[in-house]
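Q: I have a chain to look at for class. Could we go through it together?

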Amino acid sequence: MPVKGTGEYDDTNIFARILRGEIPCRKVHEDQWSLAFHDINPQAPTHVLVIPKARYISWADFSARAGEAEIAGFVRAVGQVARDLGLEEPGYRLLANIGEHAGQEVPHLHVHLFAGRGLGPMLAR
Ligand code: AMP
């Protein structure tokens, strides 16, 4: 039974190409499970993307198929990036766009990390 929110992974998406080293990124963290790099079009003074290295489209896909170590590795990487960048105080925002209504542009799971100024309300009014 396929998991809703999953589908055929597109190996030509931009993050797959970054992971293969075909296009550059401004890396901030890499480990066995995850890669983090600066967003090319930052929406805040600090805007970093954290992605799992394996081929996952969405949160549904990742949470259904990834192994325990992989999930733990990814979650720890998000926390480590925030700590390494010194963002605990005065804080930061995590955000993941999943699917059409969220405006997900790149079909490889990614968590945005925003920081460096007051970030305003959670959603545009
Ligand atoms: P989303 O709308 O959540 O799918 O976000 C995709 C994000 O990827 C956007 O914030 C883009 O600015 C960012 N992005 C697209 N191409 C690149 C790239 N080559 N390097 C870094 N970030 C990128």
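Q: How much area does the chain expose, and what share do carbon and sulfur atoms supply?
A: The chain exposes about 7800 Å², and 53% of that comes from carbon and sulfur atoms. Accessible areas come from the Shrake-Rupley method with a 1.4 Å probe, and for residues only the protein chains shown count as cover. This is a predicted model, in which local features need pLDDT of at least 70, side-chain atom pairs count only at pLDDT 80 or more, and totals for chains, interfaces and linings use all residues. Residues are numbered from 1 along each chain as its sequence is written, and side-chain values use heavy atoms, with hydrogens and water left out.

Q: And what percentage of the residues count as buried?
A: Of the 125 residues, 35% are buried, meaning under 20% relative accessible area (1.4 Å probe, protein chains only).

Q: New topic: which elements does the chain have, and in what order do they run?
A: The chain has 3 helices and 5 strands, and from the N terminus their order is α-β-β-β-α-α-β-β. Helices (H or I, at least four residues) and strands (E, at least two) are DSSP runs, numbered from the N terminus.

Q: Where does proline 90 sit?
A: Proline 90 lies in the loop between helix H3 (68–84) and strand S4 (92–95).

Q: What kind of peptide bond joins it to glutamate 89?
A: The bond between glutamate 89 and proline 90 is cis, with omega about 5 degrees.

Q: Last one: what are the dimensions of the box that the C-alpha atoms fill?
A: Along the principal axes, the box is roughly 45 × 35 × 30 Å.

Terms used
Buried < 20%, exposed > 50% of the residue type's maximum accessible area, 1.4 Å probe, protein only.
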